[in-house]
Amino acid sequence: MSGSFRLFAGECTTEFEGTGPRARLQRGHVVCLVKPDDTVLVHDADGYQPVAWLTRPESLTVESDPVRVVARDGDQRLRVTVHEEYALSSVPASGAGTPVGSCPGCGGSLVRTKGGVVCVDCDVRYGLPGDASVLDGTCDCGLPRIRAERGAAFEVCLDRDCESLDAAVREAFDRAWDCPDCGDDLRIIRRGGLLAGCDAYPDCETAFSVPRGVVAGTCDCGLPAFRTGSGSVRCLDAACEAVRTSV
């Protein structure tokens with residue numbers, strides 16, 4: 001998540017109200033950090049764990065004269081009152097992750113985070129399949145290329161508007177398999193996720209999620225079998241009970 005960190009440093013009283021051992025009143029020279037998602041963390045001089053915190057509260061207010069941060073979530077309330085102020089500041093925030101290249105738009109660093117790939121400077125964000133790897137090579141647009149397995153190993157641009165993984169899977173496997181219920185073609189479509197759905201829809205509603213992995217033969221039921229990243233083999237039909245030995 002992008003936005004700003006808000007930093008309050010000084011002699012403060014920290015009061016946490018709620019059930020459990022975290023309910024306490026404390027005073028000391030501390031740093032209070034408010035993250036872009038309104039999470040409040042209070043750190044003192046010892047250790048790495050905050051002495052008080054409230055994660056993604058329902059509400060957050062920052063008052064002045066005196067400076068006071070009040071976060072509420074259900075029956076929990078964290079209030080930090082600054083008695084003597086040493087520092088008040090707001091600084092840029094971004095996700096942190098493994099560097100994977102440079103942003104062609106602003107020249108900033110692109111990093112891989114849990115949610116995808118983000119530029120730490122201009123905040124542009126690209127979604128990334130969970131199993132995808134970011135390659136060293138770059139697309140003509142300047143972005144990194146990625147590798148993901150959906151029936152085969154595909155290498156496409158990070159930006160799906162530049163080069164679509166869905167389109168690559170569709171080109172390779174659209175109408176490649178038959179519907180086990182009516183014999184019509186299975187089409188590669190996106191409906192919530194990437195599916196192999198019967199071309200006779202809505203008369204036939206058979207559809208299967210296209211799994212991660214590469215086609216490694218045919219399941220005993222007649223549908224394709226996929227070898228996953230862990231080395232196991234599964235049918236296109238996740239509910240299939242057939243013995244998958246024809247691979």
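This is a short talk on the strands and sheets of one predicted model.

Okay, some ground rules. Residues count from 1 along each chain as its sequence is written, and side-chain values use heavy atoms, with hydrogens and water left out. Because the model is predicted, local features need pLDDT of at least 70 and side-chain atom pairs count only at pLDDT 80 or more, while totals for chains, interfaces and linings use all residues.

Let's start with the annotation. UniProt, in an unreviewed entry, puts the feature "domain: Endonuclease NucS N-terminal PH-like" at residues 7-90. UniProt positions here are in the numbering used here, feature names are shortened, and annotations may be inferred rather than shown by experiment. Over residues 7-90, the chain is 0% helix and 65% strand, and its end C-alpha atoms sit 6 Å apart. By helix and strand I mean DSSP runs, numbered from the N terminus: H or I over at least four residues for a helix, E over at least two for a strand.

So what order do the strands take in the seven-stranded open sheet? They go S4-S3-S2-S1-S7-S6-S5, and the pairing is antiparallel. At the edges you'll find S4 (52-54) and S5 (59-63), each pairing on one side only. Neighbouring strands in this sheet are turned by 30° against each other on average, direction ignored. Those axes are lines fitted to C-alpha atoms, for helices over the stretch in contact, with angles running from 0 to 180 degrees between N-to-C directions. And when I say two strands pair, DSSP has found at least two bridges between them.

Now zoom in on S1 and S2. S1 covers residues 3-17, S2 covers 24-34, and 11 bridges join them, running antiparallel. One partnership to look for is Glu 11 with His 29 in S2. Their hairpin has six residues between the strands, and there Gly 18 takes a positive phi near 155°.

On to S3, residues 40-43, which pairs with S2 over four bridges, again antiparallel. Here Val 31 has His 43 in S3 as its bridge partner, and Cys 32 stands opposite Val 42. This hairpin has five residues between the strands, with Asp 38 at a positive phi near 75°.

Last stop, the other sheet. It's open, has four strands in the order S8-S9-S10-S11, and pairs antiparallel. Its edge strands are S8 (98-102) and S11 (125-126), each with pairing on one side only. Four bridges join S8 to S9, residues 109-113, and Thr 98 has Arg 112 in S9 as its bridge partner.
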